[in-house]
Amino acid sequence: MDRALAMFQSDIAIAFSGAEDVALIEYAKLTGRPFRVFSLDTGRLNPETYRFFDEVEKHYGIRIEYMFPDASEVEALVRSKGMFSFYEDGHQECCRIRKVRPLRRALKGLKAWITGQRRDQSPGTRSNIPIVQIDPSFEGMDGGPGSLIKWNPVANVTGTDIWSFLRTMNVPVNVLHSQGYISIGCEPCTRAVLPGMHEREGRWWWEDAKAKECGLHKGNIETAETSNNGAQNTASVSELFLSKDIKAFSRAEIEEFANLEKRENSWIVVLYAPWCPYCQAMEASFNELAEKLGGTNVKVGKFNADKENKPYAMAELQMKSFPTILFFSKNLRNPIKYPSEQRDVDSFLAFIRALQ
């Protein structure tokens, strides 16, 4: 913890939600260095959890930097599918809106983050997590792959040792722990477990026990699937770039569009695969770009260039890897490929301005 805070100073923050994270805050306090703490308020947490957050703030004399989901996205999900759709079609969609996208916004302002992941928490997804790693799923403030460092300082610490430390230091803990809750998330997706049951059995209990991650540590699942199957399992991955300001091109549409000699407007189009962590990491910035370009003469589009579309994209659209971003000028037939791994809004806008 001391090394992490010394290296990154105000550009690193502790992700806070549960017992392990109180231990992280206590470790940070013991270093004597300044530290930041952020948390994701999904809007579906237990009342006890909100009181716990308040206790932690008062105990340590800090202000937690809360991140909230986009109200319009939550509204659209609930209106179309109801309050408890995750019981029927899985928790990933709800978690993506309420947790993953707010986390992505938080991490875009950092160079590193600190988590309370432990290897013994979830043998199916966390047994191989390193203490320090390049984040495989998210991007930091500099943008591009490798721009965010992820510290897991209690990776090789057992749950028993964490609790011994918490009791020794006499720090706040969530009262739900005394009621049989071990791993605590959103209220509808968390329940108490019986003695002898694994802590993650109380999370998303209606789903496959091998993949109990909400998406905050999605790289764990991808690593496990790659090592077990030799390839990524893409069946459960949701669609990306869902902004109303982004047009989804079909294969026929992109072929016709790419062959136009002149276009009514200029376009910036992302070629992506939904499973790609780098595409997922730039989703928020690309959606924001589309919002900023609304009402201008530059339109924003997307094309799913995975699976059967991949050979075409590689042969005809300059794609070598995901994501590939192309600028189609209204006056030129051939698109211009975005050359940088900086995938923040300002970099995209500078690229567009240079070609206008």
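This is a short talk on one predicted protein model, going from the whole chain to a sheet and then to a single threonine.

Okay, so hi everyone. Quick reminder before I start: what you see above is a predicted model.

Let me do the overall picture first. The protein has 356 residues, and 52% of them count as buried. In terms of secondary structure, we've got 13 helices and eleven strands. If you like surface numbers, about 16700 Å² is exposed, and 51% of that comes from carbon and sulfur atoms. And for the contact-map people: take the contacts with a separation of 6 or more, and 71% of them are between residues 24 or more positions apart.

Right, on to the sheet. There's an open one with six strands, and if you walk across it you go β3-β2-β1-β4-β6-β5, with mixed pairing. At the edges sit β3, residues 65-67, and β5, residues 132-134, and each of those pairs on one side only. Ignoring direction, neighbouring strands in this sheet are turned by 30° against each other on average.

Let's zoom in on one pair. Strand β1, residues 12-15, runs parallel to β2, residues 37-40, and the two are joined over two bridges. If you want to find one of those on screen, look at Ala 15, whose bridge partner in β2 is Phe 38.

Now, what packs on this sheet? Helix α2, residues 19-31, does, and it touches β1, β2 and β4, the last being 112-114. The direction of α2 makes about 145° with that of β1. Helix α6, residues 92-107, packs on the sheet as well, touching β2, β3 and β4. For α6, the angle is given against β2, and that's about 160°.

Last stop, and this one is fun: Thr 190. You'll find it in the loop between α7, which is 159-169, and α8, which is 218-229. So is Thr 190 buried or exposed? Its relative accessible area is 5%, and the cut-off for buried is under 20%, so Thr 190 counts as buried.

What does the side chain do in there? One of its polar atoms lies 2.9 Å from the backbone nitrogen of Gly 185. The Thr 190 side chain also reaches the backbone oxygen of Cys 186, at 2.8 Å.

And who else is around? Leaving out residues up to four places away in sequence, Thr 190 touches Tyr 181, Ser 183, Ile 184 and Gly 185, plus Gly 202, Arg 203 and Trp 205.

That's it from me, thanks.

Terms used: Residues are numbered from 1 along each chain as its sequence is written. This is a predicted model: local features need pLDDT of at least 70, side-chain atom pairs count only at pLDDT 80 or more; totals for chains, interfaces and linings use all residues. Side-chain values use heavy atoms; hydrogens and water are left out. Two strands pair if DSSP finds at least two bridges between them. Helices (H or I, at least four residues) and strands (E, at least two) are DSSP runs, numbered from the N terminus. Axes are lines fitted to C-alpha atoms, for helices over the stretch in contact, and angles run from 0 to 180 degrees between N-to-C directions. Contact means heavy atoms within 4.5 Å. Buried means under 20% relative accessible area, exposed over 50%, partly exposed in between (1.4 Å probe, protein chains only). A polar contact is a pair of N or O atoms within 3.5 Å; within protein, one must be able to donate a hydrogen and the other to accept it, and residues adjacent in sequence count only if both atoms are side-chain atoms. Accessible areas come from the Shrake-Rupley method with a 1.4 Å probe; for residues, only the protein chains shown count as cover.
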